[in-house]
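User: I have a new model open and would like to learn how to read it. Can you walk me through it?

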Amino acid sequence: MIAYLDGRLAQKDPTFVIIDVGGVGYELRISLNTFTQLPEGERCRLYTHQHIKEDAHTLYGFATLAEKSAFLHLISISGVGPNTGLMILSSLTVQEVQQAIVREDVRTIQQVKGIGAKTAQRIILELRDKFRKGLGADTVSVSFGAHNTSREEALSALVTLGFAKNVAEKTLDTIIKREGAGLTVEEMIKLALKSS
């Protein structure tokens, strides 16, 4: 089992990164929260989880141990796979997930694309005691400067997360018109996930 990867950030996308460790490029799926914390092209360390299925071996990367722990708790729930776990951690911070579960706030969890009422209730029921004991949430939100490709990066991330491209484009255009063009990629994606 790979506990973490420490190397140079060779490629960074809102849904995945490639880390060069000793000349080998490891591709890791990441959440939006991890994406915002990674410095472009610099050395970084990501805590990992390897998910093995019949047809795929996928590495998931997390900027903090708290986020990895939250992810492992989430995917332990029947009906919540790794992609749904990442979707939850892209829509909400670790603290927001923890607070929603502890407060039994079904609506907050249900706002995540693909989470229905039953799944939200199951997540709360199965995790509230574990989360009340504390997850050690130490996520730090770091924003990065907006640039011309923010809309394209946000669009790419939304399509990877399961949105139809035309729906994602319309949603992003509506958000930009309403909120202004100064939004970061993270903000665009979060608003799009909440509006779906």
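Analyst: Let's start with terms: helices (H or I, at least four residues) and strands (E, at least two) are DSSP runs, numbered from the N terminus. Two strands pair if DSSP finds at least two bridges between them. This is a predicted model, where local features need pLDDT of at least 70, side-chain atom pairs count only at pLDDT 80 or more, and totals for chains, interfaces and linings use all residues. Residues are numbered from 1 along each chain as its sequence is written, and side-chain values use heavy atoms, leaving out hydrogens and water.

User: In what order do the five strands close into a barrel?

Analyst: Go round as β1-β2-β3-β5-β4, with mixed pairing. From one strand to the next, the twist averages 55°; axes are lines fitted to C-alpha atoms, for helices over the stretch in contact, and angles run from 0 to 180 degrees between N-to-C directions.

User: Which helix packs on the sheet?

Analyst: Look for contact, meaning heavy atoms within 4.5 Å. Helix α2 (residues 65-75) touches β4 (43-52) and β5 (57-62), and its direction makes about 10° with that of β4.

User: How many bridges join strand β1 to strand β2?

Analyst: Four, between antiparallel strands covering residues 4-12 and 16-21. In that pair, L9 stands opposite I19 in β2.

User: And the whole chain: how many helices and strands?

Analyst: Nine helices and five strands.

User: What share of the residues is buried?

Analyst: Buried means under 20% relative accessible area, exposed over 50%, partly exposed in between (1.4 Å probe, protein chains only). Here, buried residues are 45% of the 196 in the protein chain.
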